[in-house]
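Visitor: I am new to this structure. Please pick one part and take me through it closely, along with what surrounds it.

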Amino acid sequence: MSSERELSPETAVVSAGRPAVTADGNINPAISLNSTFHAGGPIGYGRYGNESWSALESGISALEGGQTLLYSSGMAAISAIFNLLPKGAVVTASKNGYTGTMLLLAQLEEQGKIETRLVDISNTEEVLAALPGTALLWIESPTNPALEVADLPTIIKAGKAAGAGVGVDNTFATPLLQQPLSMGADMVMHSVTKYIAGHSDLVMGSISTNDSALYNRLSDARKLAGSVPGPFEAWLALRGLRTLSVRMERAQANALELATRLSNHPAVERVRYPGLPTDPHHQRAKSFMKGFGAVISFEVTGGAAAADKACESSRLITYATSLGGVESLWERRHRWSAESPIIPTNLIRLSVGIENVDDLWADIEQALKKSQG
Ligand SMILES: Cc1ncc(COP(=O)(O)O)c(C=O)c1O
């Protein structure tokens, strides 16, 4: 679609990645179920490209900028980035990021492939001090599940100035709330599984970059690693992307209301949500993010057993891992043995969906009541 001015993100999610206009042509891309293609074209084989991937890749690029590659999962995308590093490279990353990322970093270090410097990513001075000699600054913000907010504009700029490659896991914020490439990052990565797809029905990842040489390296590596998504998943995720803006709007409004009510609940010791004016990350998030997202973490009075009891007692909120779907999900994070010891054992991560907020609150209230015995 051509336009005199750049489209707003709320429009781009709807209009990007459409097939070219032809009489009686498709308005949606086809689900291209092909492992191979007639010879002579630019794709050639189903591990190298697919029309259904290209549609979603251009949809994500319309929001993040640059060019995008899809992967079979968010972790496949993160692995593809870490695999670019030469032996012994220094990676500076949050000590409190997504457990899968933390486990992968630890494994690569144990194998002698990289050296990690783990920092409090929200402590700008600590990040800056770790930069000399860093090959890759890996930023997750807001972090999962502590909801810490990094000073993205400052640390991306400092990372580049120190000669590091800078990658951002933008899963929690989505490109609607922050666009790291526009702040100078080299790569932005998503677990498409979460908000972009939005319906808890597929697993996928993406990397977007403005650097065409980096894009080509990643694209060549993906061909050999074979970490490609299925065409049907790409089609479904593009269908999910169409409503990203309205889903985020509703989920964020619900999250702010629930975080406020949870803050005043006697069975809750602490609430973490950058949208709360009392949250230590609020001012920073407000200074460059266009919203605060829809994940809340909170600590339940009575310890791990009480938090488990609350999760088991919900009737509407699904007791399950993951986030970013239309349905609200929650879990006590430490039910996973790999969760960071920095995360309190009574912390519940709540991914707020798009249901009616009073229905959600009624469910939380009855579950918290049961949790207190
Ligand atoms: C912030 C973040 N990054 C990456 C991932 C990994 O994505 P996937 O599960 O699609 O491999 C997750 C999954 O929970 C996540 O929350």
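Guide: We will look at strand β4 and then move outwards to its sheet, the loop after it and a few places beyond.

First, the ground rules. This is a predicted model: local features need pLDDT of at least 70, side-chain atom pairs count only at pLDDT 80 or more, and totals for chains, interfaces and linings use all residues. Residues are numbered from 1 along each chain as its sequence is written, and side-chain values use heavy atoms, with hydrogens and water left out.

Start with the sheet that holds β4. It is an open sheet of seven strands, in the order β1-β7-β6-β5-β4-β2-β3. The pairing is mixed. Strands (E, at least two residues) and helices (H or I, at least four) are DSSP runs, numbered from the N terminus. Two strands pair if DSSP finds at least two bridges between them. The edges are β1 (67-71) and β3 (114-119), and each of these pairs on one side only. On average, neighbouring strands of this sheet are turned by 20° against each other, direction ignored.

Now to β4 itself, which spans residues 136-140. On one side is β2 (residues 89-94), and three bridges join β2 to β4. The two strands run parallel. Take Ala93: its bridge partner in β4 is Trp138. On to β5, residues 165-169. Five bridges join β5 to β4, and this pair also runs parallel. Here Glu140 has Asp169 of β5 as its bridge partner.

How well covered is β4? Mostly covered: five of its five residues are buried. Buried means under 20% relative accessible area, exposed means over 50%, and partly exposed lies in between (1.4 Å probe, protein chains only). Side chains in a regular strand alternate between the two faces of the sheet. In β4, both faces are covered. Leu136, Trp138 and Glu140 are buried on one side. Leu137 and Ile139 are buried on the other.

Follow the chain out of β4. A loop runs between β4 and α6 (152-161), and Pro142 lies in it. The bond joining Ser141 and Pro142 is a cis peptide bond, with omega at about -10°. Pro145 is in this loop too. A cis peptide bond joins Asn144 to Pro145, where omega is about 5°. Leu147 also has its place in the loop between β4 and α6. Its phi is near 60°, a positive value in a residue other than glycine. Such features catch the eye because most residues other than glycine have a negative phi, and most peptide bonds are trans. Leu147 counts as buried because its relative accessibility is 2%.

Another positive phi turns up at Thr174, in helix α7 (residues 174-177). Phi of Thr174 is near 65°. Thr174 counts as buried because its relative accessibility is 1%.

Next, Thr124, in helix α5 (residues 124-130). Is it buried or exposed? Thr124 is buried, because its relative accessible area is 16%. Leaving out residues up to four places away in sequence, Thr124 touches Asp151, Thr154, Ile155 and Arg284. Contact here means heavy atoms within 4.5 Å.

Back to the sheet, at its β1 edge. Helix α2 (51-64) lies across β1, β6 (187-191) and β7 (205-209). It runs at about 130° to β1. For such angles, axes are lines fitted to C-alpha atoms, for helices over the stretch in contact, and the angles run from 0 to 180 degrees between N-to-C directions.

One more helix belongs in this picture: α9, residues 231-241. Its buried residues are Pro231, Ala234, Ala237, Leu238, Gly240 and Leu241. Their cover includes α1, α2, β1 and α10 (244-263). So what should you keep in view for the strand we began with? β4 has both of its faces covered, and it is joined by bridges to β2 and to β5.
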